[in-house]
Amino acid sequence: MELIELGRSIRERDPARPTWFEVIFSYPGVHAVLWHRLAHRLHQWGLPGAARFTSHFARFLTGIEIHPAAQVGRRLFIDHGMGVVVGGTAIIGDDVTIYQGVTLGGLSLKPGKRHPDVLDGAVIGAGAHVLGPITVGRQARVGANAVVVEDVPEGVTVVGIPARSPQRCDEPTVGYGMPRHTDADPLGEEIAQIRAELNALKARMEQPLKAVGR
């Protein structure tokens, strides 16, 4: 039974070590996945109206919106969950972890494949936006608030806006898609580069002023 498999997986992966009662009755991510199973089945049966109503009702209950057409693998753990949006052509593999505020969205208005594939064991950190028909590889990590518009290779961590500076991620994460120890800070690097350019411009502007002062 999927509820038992999902509950066991969450109890193993959640550091809070919730009880069975908590997982079954108090985890919106569990409810969202189960409601999506029904909505997806209705979609496959050619009942789009009923499927969308079921999805809408699930969003009302959980704060998590998963399009009925999205393909969701086994043991998906949506932790906290509020504000998660999964587009209709998205594919999520097995044992994926998604935190709150995540968007698996599209960048095109054209029909066809528009949303990302998130492969087995990947972690998408809180507030991250994974956009377009790209692939997040197996065991990859997307850091919190990252914006991903290109493929993420297997076992690699990306952070920042836009997400870049991938690195191997062979160690466990502490949550939100960030490795336990990392020196990667592309956003900080961007800020440092902008500061350096401003200082250079300031120095160039001061040179004529100094010449006039002489």
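## The cavity

A cavity here is a set of points, on a 1 Å grid over the protein atoms alone, where a 1.4 Å probe fits but cannot get out. The structure holds one cavity of 30 Å³ or more, with a volume (the space filled by probe spheres set on the points) of about 50 Å³. Keep in mind that this is a predicted model, where local features need pLDDT of at least 70, side-chain atom pairs count only at pLDDT 80 or more, and totals for chains, interfaces and linings use all residues. Numbering runs from 1 along each chain as its sequence is written, and side-chain values use heavy atoms, with hydrogens and water left out.

## What lines it

Ala32, Trp35, His36, Ala39, Ser55, Ala58, Ile64 and Ile66 line the largest cavity, each having an atom within 4 Å of a point. Two elements give two or more residues to this lining, α3 (28-44) and α4 (48-62); helices are DSSP runs of H or I with at least four residues. The top contributor is α3, with four residues. By type, the lining splits into six nonpolar, two polar and no charged residues.

## The nonpolar core

Now for the largest nonpolar core, a set of buried (under 20% relative accessible area, 1.4 Å probe) nonpolar residues joined through side-chain atoms within 4.5 Å. Of its 37 residues, Ile98, Ile124, Val136 and Val148 touch the most other members. At least two residues each come from α1 (2-13), α3, β3 (77-78) and β14 (156-159), strands being E runs of at least two residues. Helix α3 turns up again with the largest share of this core, three residues.

Val136 touches Asp117, Val118, Leu119, Ala122, Ile124, Val130, Val142 and Val152, leaving aside residues up to four places away in sequence; contact means heavy atoms within 4.5 Å.

Key. On a 1 Å grid over the protein atoms alone, a cavity is a set of points where a 1.4 Å probe fits but cannot get out, and a pocket is an open set with protein on both sides within 12 Å along at least five of seven lines; lining residues have an atom within 4 Å of a point. Ala, Val, Leu, Ile, Met, Phe, Trp, Tyr, Cys and Pro count as nonpolar, Asp, Glu, Lys and Arg as charged, and the others, Gly among them, as polar. Buried means under 20% relative accessible area, exposed over 50%, partly exposed in between (1.4 Å probe, protein chains only).
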